[in-house]
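This report is meant for a reader who meets the structure here without earlier acquaintance. Please look through the sequence and the view below before reading on.

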Amino acid sequence: IGMSQGADGQLYSVDSTRGNKQLGLVSYPLQWGKNNAAGNEYLRFGGDARDGAAGVTLIKPGTIVGISILGTNATNVAEFEIEVDGVQVGSTYTTTAGVYVDATLNIDVDLGEYVNLFANNVATELEDVYAVIWIKDRL
């Protein structure tokens with residue numbers, strides 16, 4: 001099955017859909033949010049923290065495997081970007097009917113790098129945004 005145990009005691013398996021990386025068995029969520037309209041700004045993580053020069057710092061290497069976004073005004077379209085160390089990685093994620101879900105991401109983040117989520121400035125900003133980036137530990 002391609003399982004191994006890391007020095008951290010966690011079990012890892014080979015993920016053939018992500019280039020045969022050895023990833024942890026469990027995904028964990030990094031959660032952002034924004035009350036009211038979100039546009040041309042970083043979403044808030046862990047309360048009201050938002051800054052392009054800081055973010056969620058990883059304590060071990062990981063791979064972003066998914067993102068989910070939901071807003072309350074479903075008629076609006078919005079664009080979001082994942083940033084690692086202040087640089088956009090992956091695509092621009094565009095909501096349809098206020099929702100975006102993708103479980104096929106394959107974005108590596110190394111120990112000590114930080115992750116952030118940015119809402120682009122578009123004509124129809126999404127409101128009351130809940131966003132989760134799903135990540136797995138990586139050997």
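## Strand β7 and its partners

In strand β13, the bridge partner of isoleucine 67 is isoleucine 133. This pair, like everything described below, belongs to a predicted model. The two residues sit within a longer arrangement, in which β7 and strand β13, made of residues 126–138, pair in the antiparallel sense over eight bridges. Isoleucine 67 also stands opposite aspartate 102, a residue of β10.

Strand β7 itself covers residues 62–70 and is mostly covered, since seven of its nine residues are buried. Besides β13, β7 pairs in the antiparallel sense with strand β10, residues 99–102, over four bridges, and with strand β11, residues 107–109, over three bridges. Individual partners can be named here as well: isoleucine 69 has tyrosine 100 as its bridge partner in β10, while threonine 63 is matched with aspartate 108 in β11.

In a regular strand the side chains alternate between the two faces of the sheet. Strand β10 shows such an alternation, with Tyr100 and Asp102 pointing to one face and being buried, whereas Val99 and Val101 point to the other and are not buried.

## The protein as a whole

How many helices and strands are there in the protein? There are zero helices and 13 strands, and the pattern read along the sequence is accordingly β-β-β-β-β-β-β-β-β-β-β-β-β. Among contacts between residues at least 6 apart in sequence, 74% join residues at least 24 apart.

The radius of gyration of the protein is 16 Å, which agrees with the value near 14 Å that a compact globule of 139 residues would have. Along its principal axes, the C-alpha trace spans about 45 × 30 × 20 Å. Of the 139 residues, 45% count as buried, and the protein exposes about 6900 Å², of which carbon and sulfur atoms supply 53%. As for charge, there are 8 positive and 17 negative charges, and their mean positions are 5 Å apart.

## Four residues looked at singly

The table sets out the relative accessibility of four residues from strands and a loop, together with the class that follows from it.

| Residue | Relative accessibility | Class |
|---|---|---|
| Asparagine 36 | 48% | partly exposed |
| Aspartate 85 | 34% | partly exposed |
| Threonine 94 | 30% | partly exposed |
| Glutamate 81 | 13% | buried |

Why does glutamate 81 count as buried? Glutamate 81 counts as buried because its relative accessibility is 13%, and the cut-off for buried is under 20%. Glutamate 81 is found in strand β8, and, leaving aside its neighbours within four places in sequence, it is in contact with Gln88, Thr92, Asn116, Leu117, Phe118 and Asn120. Glutamate 81 and threonine 95 are 14 residues apart in sequence, and their C-alpha atoms are 12 Å apart in space.

Threonine 94 lies in strand β9, which is made of residues 87–94. Because its relative accessible area is 30%, threonine 94 is partly exposed. Not counting residues up to four places away in sequence, threonine 94 touches Val77, Ala78, Glu79 and Tyr100. The last of these, Tyr100, is the residue of β10 that serves as the bridge partner of isoleucine 69, so that the description of threonine 94 leads back to the partners of β7. Threonine 94 and threonine 57 are 37 residues apart in sequence and 25 Å apart in space, taken from C-alpha to C-alpha.

The remaining two residues have positive phi values. Asparagine 36 has a phi near 70°, a positive value in a residue other than glycine, and it lies in strand β3, which runs over residues 21–38. Aspartate 85 likewise has a positive phi, of about 50°, although it is not a glycine, but aspartate 85 is found in the loop between β8, residues 79–84, and β9. Asparagine 36 counts as partly exposed at 48% relative accessibility, and aspartate 85 counts as partly exposed at 34%.

Definitions and conventions
Residues numbered from 1 in each chain as written. Predicted model: local features only at pLDDT ≥ 70, side-chain atom pairs only at ≥ 80, totals over all residues. Heavy atoms only, no water. Rg over C-alpha atoms; globule rule 2.2 N^0.38 Å. Buried < 20%, exposed > 50% of the residue type's maximum accessible area, 1.4 Å probe, protein only. Contact = heavy atoms within 4.5 Å. Areas by Shrake-Rupley, 256 points an atom, 1.4 Å probe, with all protein chains shown as cover. Lys, Arg positive; Asp, Glu negative; His and termini not counted. Charge placed at Lys NZ, Arg CZ, Asp CG, Glu CD. Pairing = 2+ DSSP bridges.
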